[in-house]
Amino acid sequence: MDAGYSPSTIKLIASALGKLFHEPTTNFIKTPSRNRDIIKRSRHIVLRDKHFSIKNNKDLIVFCECTGLRRRELENLKGDCLVKKGNDYYIKVENGKGGKYRL
């Protein structure tokens, strides 16, 4: 904890130690609670996103956040991927992460 690791990393290390010593982690350490608002994603700017403007692509960003699609899944979207079931619309992903089908 003194090294400044995130609560998730501390819990991961504590769990590994608990498994190694066959003890519950609560017997030897009190870990800080995890909060979603402090989780960091995409820590670094990558070359492939250098040309991307957040301001000019706000609609695309909202769509991506709402659907939860991954970059490769977005690249493979076609018109027939939109499926209507009853009154609801779904996006069909034929070959998602790990080759899985998702609706």
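Hi everyone. The protein has a mean pLDDT of 86, and 96% of its residues reach 70 or more; pLDDT is the predictor's confidence in each residue, from 0 to 100. This is a predicted model, so to speak of local features we need pLDDT of at least 70, and side-chain atom pairs count only at pLDDT 80 or more, while totals for chains, interfaces and linings use all residues. Residues are numbered from 1 along each chain as its sequence is written, and side-chain values use heavy atoms, with hydrogens and water left out.

Let's look at the elements. Strand S1, residues 82-85, has the highest mean pLDDT among them, 93, and helix H3, residues 71-75, has the lowest, 87. Helices (H or I, at least four residues) and strands (E, at least two) are DSSP runs, numbered from the N terminus.

Now to helix H1, where we find Pro-7. Is Pro-7 buried or exposed? Pro-7 counts as buried because its relative accessibility is 13%. For these words, buried means under 20% relative accessible area, exposed over 50%, and partly exposed in between, with a 1.4 Å probe and protein chains only. Leaving out residues up to four places away in sequence, Pro-7 touches Pro-32, Ser-33, Arg-34 and Ile-38, where contact means heavy atoms within 4.5 Å.

From Pro-7 we can hop to Thr-31: they are 24 residues apart in sequence, and their C-alpha atoms are 6.9 Å apart in space. Thr-31 sits in the loop between H1 and H2 and is buried too, at 18% relative accessibility. What does Thr-31 touch, not counting residues up to four places away in sequence? Those residues are Ile-10, Lys-11 and Ala-14. With Lys-11 there is also a side chain to side chain polar contact of 2.7 Å. A polar contact is a pair of N or O atoms within 3.5 Å; within protein, one must be able to donate a hydrogen and the other to accept it, and residues adjacent in sequence count only if both atoms are side-chain atoms.

In the loop between helix H1 (7-21) and helix H2 (58-67) we also meet His-22. Its phi is near 55 degrees, a positive value in a residue other than glycine. For background, most residues other than glycine have a negative phi. His-22 counts as exposed because its relative accessibility is 71%.

Back in H1, Leu-17 is partly exposed at 35% relative accessibility.

Finally, the charged pairs. How many salt bridges does the structure hold? There are 3, where a salt bridge is a side-chain nitrogen of Lys or Arg within 4 Å of a carboxyl oxygen of Asp or Glu. One of them joins Lys-92 and Glu-94, with the closest N and O atoms 3.6 Å apart.

Please find Glu-73 on your screens. Its side chain meets that of Arg-70 in a salt bridge, 3.2 Å from N to O. Glu-73 also forms a salt bridge with Arg-102, and there the closest N and O atoms are 2.6 Å apart. That second pair links distant parts of the chain, 29 residues apart: Glu-73 is in helix H3, and Arg-102 is in the segment after strand S2 (88-91). Glu-73 counts as buried because its relative accessibility is 5%. Arg-70 is partly exposed at 35%, and Arg-102 is partly exposed at 32%. Together, Arg-70, Glu-73 and Arg-102 are linked in a network of salt bridges. Thanks for listening!
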